[in-house]
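Reader: I would like to learn how to read the pockets and cavities of a protein model, and how to tell where a ligand belongs among them. Could you take me through one example, step by step?

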Amino acid sequence: MKRVLVTGSSRGIGKAIALRLAEDGFAVVTHAVKNKDAAMEVAKECASISGQPLQEPLVFDLADREKTQTLLEADMEANGVFFGVVANAGIAADAPVPILEGDAWDSVIDTDLTGLYNVLKPVVMPMVSERIRGRIVALSSVSGVVGNRGQVNYSAAKAGIIGAVKALAVELVRHKITVNAVAPGVIETDMVSELPVEEVKKAIPMRRFGKPEEVAGVVAFLFREEAAYVTRQVISVNGGLC
Ligand code: NDP
């Protein structure tokens, strides 16, 4: 049984990734910070698709290092180490710098960037010591690749994820664990529900938003055996946005 943790899988891109990995037979462990019931529904759907045992969702705030570590260690103790992690959960709090408050800077960095460390730290060593030739995928963003106006905090966090992924990929290469980032453009989820749709679409060469399933397909590819030689990369899924 190959267990895969998908953070932020109660909805949006994380939910699509969880369901897609379940199709490939992985035992998906779902996660949320608030919407435990939604994560439970996704967990049930995953178990029914994959045929793997149903597991209760993990519920923790990624920015809370101690709780993240405690819950992940307890989960691995009870259910075994992970084959892989999709570090998907994230938030945005957009504002141009003159009105970007310290709280918005801190919450985005703490959740999106420090949260990556908080979740990977407890999970990686057990993968190494059990000789799991697994997969780590982190969700960056087009905003972290090119920088977006009004997203200085989010662009910083998402660019930081790319640096972290590239460094960790080198650290883990001899253990045959691949580490990659996926950088979506604008994807139809709650996160972008307040964007001026028609205006934003004009900036996208494909003139449409992406679907969560289109990101999930790329993540699923990275989990396949034939992707074993793909590591330290940033793969964009953005309709030609950059
Ligand atoms: P959504 O807002 O739809 O979902 C966010 C998910 O993250 C939810 O499951 C939420 O849980 C969880 N989450 C939020 N805050 C925390 C926290 N503090 N601790 C733990 N979990 C948390 O996001 P998307 O699906 O749109 O985005 C998924 C990832 O993709 C994010 O990292 C995002 O930055 C990135 N991305 C998204 C793009 C887009 O256009 N949508 C573009 C580029 C990148 P709960 O339901 O409990 O609140």
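Author: Let us begin with the largest pocket, keeping in mind that this is a predicted model. A useful way to read a pocket is to sort its lining by residue class, and here the lining of the largest pocket comprises 23 nonpolar, 17 polar and 9 charged residues.

Reader: What volume does the largest pocket have, and which residues lie closest to its centre?

Author: The volume of the largest pocket is about 1500 Å³. It is lined by 49 residues, and those closest to the centre are Ala92, Gln151, Tyr154, Met191 and Val192. If you prefer to think in terms of secondary structure, the elements that contribute two or more residues to this lining are α1, β3, α5 (142–146), α6 and α7 (197–202).

Reader: In which pocket does the ligand sit, and how many residues surround it?

Author: A ligand counts as sitting in a pocket if more than half of its atoms lie within 2 Å of the pocket's grid points. By that test the ligand sits in the largest pocket, where 32 residues surround it, the closest being Ser10, Lys34, Asn88, Tyr154 and Thr189. Three elements, α1 (12–23), β3 (31–32) and α6 (152–172), each provide at least two residues of this shell, and the shell as a whole divides into 14 nonpolar, 13 polar and 5 charged residues.

Reader: Which polar atoms of Ile13, Asn35 and Asn88 lie beside oxygen atoms of the ligand, those of the backbone or those of the side chain?

Author: When reading such pairs, it helps to ask which part of the residue takes part. For Ile13 it is a backbone N or O atom, which lies 2.8 Å from an oxygen atom of the ligand. For Asn35 it is a polar side-chain atom, at 2.7 Å from a ligand oxygen, whereas for Asn88 a polar backbone atom is 2.6 Å from an oxygen atom of the ligand. As for cover, the ligand taken alone exposes 910 Å², and the protein buries 95% of that.

Reader: What lines the second largest pocket?

Author: The same approach applies: look at the volume, then at the lining. The second largest pocket holds about 350 Å³ of space and is lined by 19 residues, with Leu120, Lys121, Val124, Leu168 and Glu171 nearest its centre. The elements giving two or more residues to this lining are α4, β6 and α6, and α4 has the largest share, 8 residues. By class, the lining has 15 nonpolar residues, 1 polar and 3 charged.

Reader: How many cavities of 30 Å³ or more does the structure hold, and what lines them?

Author: A cavity differs from a pocket in that a probe fits inside but cannot get out. The structure holds 2 cavities of 30 Å³ or more. The largest cavity has a volume of about 70 Å³, and of its 14 lining residues the closest to the centre are Ala87, Asn88, Ala89, Asp112 and Leu116. The largest share of this lining, 5 residues, comes from α4, and the classes are 8 nonpolar, 4 polar and 2 charged. In the second largest cavity there is about 50 Å³ of space, and its lining includes Ala27, Val28, Cys46 and Pro53. Here α2 gives the most, with 4 residues, and the lining has 7 nonpolar, 3 polar and no charged residues.

Notes: Residues are numbered from 1 along each chain as its sequence is written. This is a predicted model: local features need pLDDT of at least 70, side-chain atom pairs count only at pLDDT 80 or more; totals for chains, interfaces and linings use all residues. Side-chain values use heavy atoms; hydrogens and water are left out. A residue is near a molecule or strand if one of its heavy atoms lies within 4 Å of it. A polar contact is a pair of N or O atoms within 3.5 Å; within protein, one must be able to donate a hydrogen and the other to accept it, and residues adjacent in sequence count only if both atoms are side-chain atoms. Accessible areas come from the Shrake-Rupley method with a 1.4 Å probe; for residues, only the protein chains shown count as cover. On a 1 Å grid over the protein atoms alone, a cavity is a set of points where a 1.4 Å probe fits but cannot get out, and a pocket is an open set with protein on both sides within 12 Å along at least five of seven lines; lining residues have an atom within 4 Å of a point. Ala, Val, Leu, Ile, Met, Phe, Trp, Tyr, Cys and Pro count as nonpolar, Asp, Glu, Lys and Arg as charged, and the others, Gly among them, as polar. Grid points are joined across faces, edges and corners, and a volume is the space filled by probe spheres set on the points.
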